[in-house]
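User: I'd like a close look at one part of this protein, backbone and accessibility together. Please keep it informal, but show me how each call is made.
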Amino acid sequence: MSIRLWLPLIIFAFLVGFLFYQLNQPKDDFVRSQLVDQPLPVFNLEAATHGIEGLSNQDFADGKVRLLNIFGSWCIPCRAEAPQLEALKEAGVEIHAIAVRDTPANVAEFLRLYGNPFINIGADPDLQIQLLLGSSGVPETYLIDGQGIIRKQYIGDIREDNVPIILSDIAALK
């Protein structure tokens, strides 16, 4: 048999092997914020839904360590992380949030269905603050020290095994 008959099969096998190799490699393709160890940008957001105050960068400069969660009611991983945010709240962590590309009704329904661990929720309908923060998507959470400095960025949904790590990170800043 000629090599020309085997060449397409060899190329196909190589491509399949390369694909499987790439799928099994650890990835860190997320965009990390350049604001880690920098002050929060200046912002003042209207409330994302009725009954909960909006959010400002000034809310983070009172000496308390807290989390800032970027979420959307339309975001499936945001729903998955809701129990972990509730666990952090129950552990005494203050959590503020920014709802991106959302409506007051949808945010209210999200909170009704999945709980509300948030103290304040600011509305960012056009992603201006999310982009200022250097956020690569939702969900994403930032650890903010008592002076309003971003100390850590947690990309993706918070999972159960992340909760002790986040609590440890918070304790290290107190």
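Let's take Arg-101: is this residue buried or exposed, and what is its relative accessible area?

Analyst: Quick caveat before anything else: this is a predicted model, so read every value below as computed from predicted coordinates.

Arg-101 is exposed, because its relative accessible area of 56% is above the 50% cut-off for that label. The residue sits in the loop that runs from strand β4 (94-100) to helix α3 (104-114). Its backbone deserves a look too: phi is positive, about 45°, even though Arg-101 is not a glycine.

Asp-37 makes a handy companion case. This residue also has a positive phi, near 75°, and is not a glycine either. Its setting is a loop as well, the one between α1 and β1 (44-45). The accessibility label differs, though: Asp-37 has a relative accessible area of 47%, so it counts as partly exposed, while Arg-101 at 56% counts as exposed. If you are going through backbone outliers, add the peptide bond between Val-138 and Pro-139, which is cis with omega about -10°. Pro-139 belongs to the loop between α4 (128-133) and β6 (140-144).

Now follow the chain on from Arg-101 into α3. Here Glu-109 and Arg-112 pair up in a salt bridge, with 2.7 Å between the closest N and O atoms. The spacing fits the helix: the two residues are three apart in α3, so about one helical turn separates them. As a general rule, an α-helix has 3.6 residues a turn, so residues three or four places apart point the same way. The partners get separate labels, since Arg-112 is exposed at 58% and Glu-109 is partly exposed at 33%.

On the other side of β4 along the sequence comes α2, residues 76-90. A link across to Gly-115 starts in this helix: Glu-86 lies in α2, and its C-alpha is 7.5 Å from that of Gly-115, although the two are 29 residues apart in sequence. Glu-86 is partly exposed, because its relative accessibility is 24%. Several other α2 residues are buried, namely Cys-78, Glu-81, Ala-82, Gln-84, Leu-85 and Leu-88.

The geometry of α2 is worth a check. There is a kink of about 40° at Ala-82, shortly before Pro-83. The end-to-end figure still works out: at 1.5 Å a residue the 15 residues should span 21 Å, and the end C-alpha atoms are 23 Å apart, so the two values agree.

The start of α2 also carries a cross-link. Cys-75 and Cys-78 form a disulfide, with 2.4 Å between their sulfur atoms, and a search of the whole structure turns up one disulfide. The link is right-handed, with 85° about the S-S bond. Both Cys-75 and Cys-78 are buried.

Back to charges, for the wider setting. The structure holds eight salt bridges by the rule used here, and the Glu-109 and Arg-112 pair is one of them. Another joins Asp-145 and Arg-151, at 2.9 Å from N to O. In that pair the acid is buried, because Asp-145 has a relative accessible area of 7%, and the base is partly exposed, because Arg-151 comes out at 30%. Asp-157 and Arg-159 form a further one, with their closest N and O atoms 3.3 Å apart. Asp-157 counts as buried at 19%, just inside the under-20% cut-off, and Arg-159 is partly exposed at 49%. Shared partners also tie Asp-62, Lys-64, Arg-66 and Glu-94 into one salt-bridge network. Since β4 covers 94-100, Glu-94 brings us back to the strand that leads into the loop of Arg-101.

One last exposed residue, for contrast in chemistry: Ile-3 has a relative accessible area of 57%, so it is exposed too. Ile-3 is in helix α1 (residues 3-23) and belongs to a nonpolar surface patch with Leu-5, Trp-6, Leu-9, Ile-10 and Phe-12, about 660 Å² of accessible area together.

So, in short: Arg-101 is an exposed residue at 56%, with a positive phi, in the loop between β4 and α3.

Note on methods. Residues numbered from 1 in each chain as written. Predicted model: local features only at pLDDT ≥ 70, side-chain atom pairs only at ≥ 80, totals over all residues. Heavy atoms only, no water. Patch = residues over 30% accessible without salt bridge, like charges linked within 9 Å, V, L, I, M, F, W, Y side chains within 5 Å. Areas by Shrake-Rupley, 256 points an atom, 1.4 Å probe, with all protein chains shown as cover. Salt bridge = Lys/Arg side-chain N within 4 Å of Asp/Glu carboxyl O. Helix = DSSP H or I, 4+ residues; strand = E, 2+ residues; numbered from the N terminus. Buried < 20%, exposed > 50% of the residue type's maximum accessible area, 1.4 Å probe, protein only. Disulfide = S-S within 2.5 Å. Expected span 1.5 Å × (residues − 1). Bend = angle between axes of the 7 residues up to and from the residue.
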